[in-house]
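User: I've got a model open and want to talk through its contacts and packing. Can you take my questions one at a time?

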Amino acid sequence: MVAEMISEETGADMFEVIPEDDHYPITYSELTDVAKQEQNDNARPAYVGEVPDLSQYSIIFIGAPVWWGDWPMIMYTFFENNKEGLAGKTLIPFSTHEGSGLSGFDKKLYSACPDATVLDGLAIRGNDCQNDQDSVRESVNAWISGLGYF
C-alpha cells in the first residue's frame with residue numbers, strides 16, 4: 001500500500017518481490033516465527049519475476065515490512081542478486097511495522113549495497129495502512145516532498 005502511494009506521488013515504476021515458494025502463514029504470530037527462523041538460517045528465499053533493467057533509474061525506493069527488526073530475508077536475496085544494478089544509485093528505504101519503526105533499514109541497506117547512496121527512510125505502522133490511509137498518504141507525501149527530488 002505504501003509502495004503504491006509512493007508510485008502515485010512520484011510516477012515511479014514498481015517491482016514487487018514475491019517469494020517463489022509462498023509458504024508464509026497469514027497470522028501475525030505464525031509469520032513472526034517463520035521470519036525468525038529464516039533469520040536464524042540466514043535464508044535467501046528465491047523470488048519470482050525478472051527485475052527491470054535498473055540502469056534506467058537513478059533513484060530507487062525499496063520497502064518491506066520489518067521482520068524481527070530487519071529486512072525480510074528475501075530482500076537480502078534481492079540485494080545480493082542486484083548488487084551491480086543498485087551500485088551508484090540513490091536508494092530510499094521505507095518500512096511498515098508494528099512498533100519497531102524503520103529498524104535500521106537504512107544502515108542495513110547501506111551494508112548490503114555499499115556502492116549506493118542511502119537516504120533517510122520512512123516507517124509507517126502497518127495498522128495505520130489498514131485503518132488510516134488518509135493520514136498515511138499525508139505522511140508519505142510530506143516525506144517525499146522533504147526528499148527534494150520530486
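User: Which residue does Arg137 meet in a salt bridge?

Analyst: Quick note before that: this is a predicted model, where local features need pLDDT of at least 70, side-chain atom pairs count only at pLDDT 80 or more, and totals for chains, interfaces and linings use all residues. Residues are numbered from 1 along each chain as its sequence is written, and side-chain values use heavy atoms, with hydrogens and water left out. A salt bridge here is a side-chain nitrogen of Lys or Arg within 4 Å of a carboxyl oxygen of Asp or Glu. At 2.8 Å, N to O, the side chain of Arg137 meets that of Glu8.

User: How many residues apart in sequence are the parts that this pair ties together?

Analyst: Helices (H or I, at least four residues) and strands (E, at least two) are DSSP runs, numbered from the N terminus. Arg137 sits in helix 7 (residues 133-147) and Glu8 in helix 1 (residues 2-10), so the parts tied together are 129 residues apart.

User: Is Glu8 buried or exposed?

Analyst: Buried means under 20% relative accessible area, exposed over 50%, and partly exposed is in between (1.4 Å probe, protein chains only). Its partner Arg137 is partly exposed at 32%. Glu8 has a relative accessible area of 54%, so it counts as exposed.

User: Where does Arg44 lie, the residue that pairs with Glu80?

Analyst: The side chains of Arg44 and Glu80 form a salt bridge at 2.9 Å, N to O. The two are 36 residues apart, with Glu80 in helix 3 and Arg44 in the loop between helix 2 (28-41) and strand 2 (47-48).

User: Which strand holds Arg125, the partner of Glu98?

Analyst: The closest N and O atoms of Glu98 and Arg125 are 3.6 Å apart, which makes a salt bridge by the rule above. Glu98 is in the loop between strand 4 and helix 5, and Arg125 is in strand 6 (residues 122-125).

User: In strand 6, which side chains point to the buried face?

Analyst: The side chains alternate along this strand. Ala123 and Arg125 point to one face and aren't buried, while the other face takes the buried pair, Leu122 and Ile124.

User: What is the bridge partner of Thr96 in strand 6?

Analyst: Two strands pair if DSSP finds at least two bridges between them. Strand 4 and strand 6 do so in the parallel sense, over four bridges. For Thr96, the partner in strand 6 is Ile124.

User: Why are the buried residues of helix 5 on the same side, and what arc do they cover?

Analyst: In helix 5 (residues 105-112), the buried residues are Phe105, Asp106, Leu109 and Ala112. The face turned away from them carries the exposed Lys107 and Ser111. Going by directions from the helix axis to the C-beta atoms, the buried ones are on the same side because their arc is only 125 degrees.

User: Which helix gives the largest share of the largest nonpolar core?

Analyst: A nonpolar core is a set of buried Ala, Val, Leu, Ile, Met, Phe, Trp, Tyr and Cys residues joined through side-chain atoms within 4.5 Å. The largest one has 22 residues, and those touching the most other members include Ile62, Met75 and Leu86. Strand 3, helix 3 and helix 5 each supply at least two residues. The largest share, six residues, comes from helix 3.
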